[in-house]
Amino acid sequence: NGDKRYDDDKRDGGSRRGDTTGKWPRETWSKKMDFLLSVIGYAVDLGNVWRFPYICYQNGGGAFLLPYLLMAVFGGVPLFYMELALGQFHRSGCISIWKHICPIFKGIGFAICIIALYIAFYYNTIMAWALYYLLSSFRPTLPWSTCSNSWNTVNCNLYMSTDHNVSWSNSSTSPAEEFYTRQVLQVHLSPGLHQLGSVSWQLALCLLFIFTIVYFSIWKGVKTSGKVVWVTATFPYLVLLVLLIRGATLPGAWRGVVFYLKPDWQKLLSTTVWIDAAAQIFFSLGPGFGVLLAFASYNPFHNNCYKDALVTSSVNCLTSFLSGFVIFTVLGYMAEMRHQDVDAVAKDAGPSLLFIIYAEAIANMPAATFFSIIFFLMIIMLGLDSTVSLLITHFCAQVKIPKLVFCLLNVLFITTSFVVKLFEEYATGPAVITVVLLEVIAVSWFYGTNRFCNDIEEMLGFYPGCFWRVCWVAICPCFLLFIIISFLAFPPEVRLFNYHYPPWTTVLGYCIGVSSFICVPAYMVYHLLNAKGTFKQVQHLLSLPFRNLRCQVDYLHGFPCPCPLALSSSSLISSLALCPCTDTSPMTRIASISILSMHCQGLPSPVST
């Protein structure tokens with residue numbers, strides 16, 4: 001108990017390799033279903049219910065499904081499986097885990113935390129909008145179902161499912177669209193990103209309420225409760241099912257379904273479709289955010305995380321697919337009423353698709369007030385689940401920053417939706433893809449695919465198949481690198497409503513995106529400058545997993561080797577070659593021997609660092 005050499009292991013809950021005896025116990029899930037529902041509850045969030053339908057609509061409907069499925073099979077699911085396996089084996093968070101994998105890549109953990117902060121800003125703003133809709137729903141008549149409000153214009157055109165003689169022109173706007181643009185966002189008061197305008201006090205109060213909930217959730221911490229998880233993970237499916245049934249009964253719904261499923265093959269020639277598909281699968285499944293590492297770290301050591309990865313990722317993708325039907329049935333109905341094509345119904349395919357199309361669908365339902373309340377409450381619950389998971393996992397357990405800092409920074413987002421759109425395009429999707437690329441390179445190329453597969457075999461009893469190994473080593477890095485290069489070569493044209501972002505916003509967007517993963521090279525430089533020893537010695541050390549060095553340093557201090565094979569003092573080199581904790585690659589073995597030799601000779605050694 002007085003051995004301070006394993007303090008890190010105690011904090012990590014016994015993350016030592018091969019420690020299945022419970023010497024360093026760690027809290028585990030009370031039930032297997034609690035873990036599955038927690039992962040599904042985290043992954044099934046606004047990215048499924050809100051982001052997927054409008055990204056699909058923006059990229060031509062059915063044409064988007066092919067790159068989405070390809071990215072899911074060859075990118076999202078393998079990385080989802082990889083993070084669950086890493087978290088379950090090492091039982092560490094997104095920062096501390098890198099001492100077990102490759103210490104010089106510890107900056108990836110800090111980059112993940114910054115991205116999580118940006119996404120928290122992003123989701124908090126969406127939840128503030130949803131809260132405004134929720135509070136506006138406590139009325140006998142929904143305010144976005146009539147054209148007699150103070151914010152409506154002469155172009156407002158009221159139509160319901162019973163209005164078959166509606167006259168709709170290109171200048172016409174629906175009451176739901178005007179409520180969103182003129183009452184909630186008030187975009188008519190701001191000319192663009194160069195002049196954001198004043199803060200809406202209504203949205204500021206909504207955001208303050210969201211802050212309060214998030215703050216006290218972090219302050220108290222997340223206590224796993226199977227009953228709560230069962231409600232929060234299943235409630236969205238009930239609401240989506242009700243909306244789907246109602247949407248399918250609307251006239252013209254079949255037109256939206258045809259547009260949703262019929263692909264436009266010309267769209268596949270656009271790099272934007274592939275970039276959006278990759279960004280969406282990562283937004284949806286959640287690899288690269290560190291939450292999966294934390295959730296899996298509470299699993300029993302021999303839990304079948306392979307089956308968990310397949311089940312949860314399949315449920316996640318099917319939920320996105322279901323949400324698409326909910327949206328497109330309503331799009332078909334609106335096109336039928338307006339006598340327009342489906343692709344011309346929504347003037348903007350951004351976040352407004354949730355707050356205009358879904359709101360329009362709810363206004364056409366019997367008991368519209370009731371369905372509006374439960375739907376926007378669902379949106380808030382989904383956002384809170386993901387935001388609290390991100391902030392608890394990273395900032396409370398890893399970084400230890402003041403919990404109100406992110407709340408103060410988030411005030412910028414409520415000034416205008418133009419800022420939200422800029423962060424959506426540059427701060428989240430491309431940055432997540434870059435960080436995941438660095439993560440898979442660190443695990444597959446530096447830590448080693450063979451070693452990683454041996455870890456999985458030790459946990460699950462079987463070696464990963466050829467498909468997974470090829471994806472981790474080659475396919476995932478190539479896909480991700482291609483998307484990043486395409487994004488840099490062909491930056492997307494950012495537009496919101498009738499506002500086209502000026503060229504200087506592209507530079508600003510790149511700066512926002514680089515601000516997260518710049519932590520990776522910055523941390524490498526920091527460690528190389530502060531570690532003792534020659535550059536080559538430090539370079540070898542920082543590329544070694546921590547558990548290999550710990551085994552060797554333990555031997556030098558007279559402690560027994562934790563490996564089944566004891567080290568022999570008569571031949572350090574031959575024993576080190578046989579030690580299963582040591583990487584079998586010659587370069588790593590030579591580096592380990594050189595470090596041990598330095599220590600034995602009393603020379604300055606980076607081992608202590």
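Which side-chain oxygen reaches to the backbone nitrogen of tyrosine 306 at the start of H13? In this predicted model, that oxygen belongs to asparagine 304, and it comes to within 3.3 Å of the nitrogen. The helix that begins here, H13, runs over residues 305-338, which makes 34 residues in a row. From its first C-alpha to its last, H13 reaches 49 Å, close to the 50 Å expected at 1.5 Å a residue. Much of H13 is tucked away, too: 24 of its 34 residues are buried. Just after the helix, histidine 339 takes a positive phi of about 60°.

Stepping back, H13 is one of 24 helices in the protein, which also has two strands. Of the 609 residues in the protein, 58% are buried. Among contacts with a separation of 6 or more, 81% link residues 24 or more positions apart. As for the outside, the accessible surface comes to about 24,700 Å², and carbon and sulfur atoms account for 65% of that.

One loop residue deserves a look of its own. Valine 44 sits in the loop between helix H2 (32-43) and helix H3 (46-58), and an unreviewed UniProt entry marks Val44 with the annotation "binding site". Is this valine buried or exposed? Its relative accessible area is 3%, so valine 44 counts as buried, since the cut-off is under 20%. Leaving aside residues up to four places away in sequence, valine 44 touches Tyr237, Asn316, Thr319 and Leu382. Two of these partners, Asn316 and Thr319, fall within the 305-338 stretch of H13.

Notes:
Residues numbered from 1 in each chain as written. Predicted model: local features only at pLDDT ≥ 70, side-chain atom pairs only at ≥ 80, totals over all residues. Heavy atoms only, no water. Helix = DSSP H or I, 4+ residues; strand = E, 2+ residues; numbered from the N terminus. Expected span 1.5 Å × (residues − 1). Buried < 20%, exposed > 50% of the residue type's maximum accessible area, 1.4 Å probe, protein only. Polar contact = N/O pair within 3.5 Å; in protein donor to acceptor, adjacent residues only side chain to side chain. Contact = heavy atoms within 4.5 Å. Areas by Shrake-Rupley, 256 points an atom, 1.4 Å probe, with all protein chains shown as cover. UniProt positions renumbered as here; feature names shortened; annotations may be inferred.
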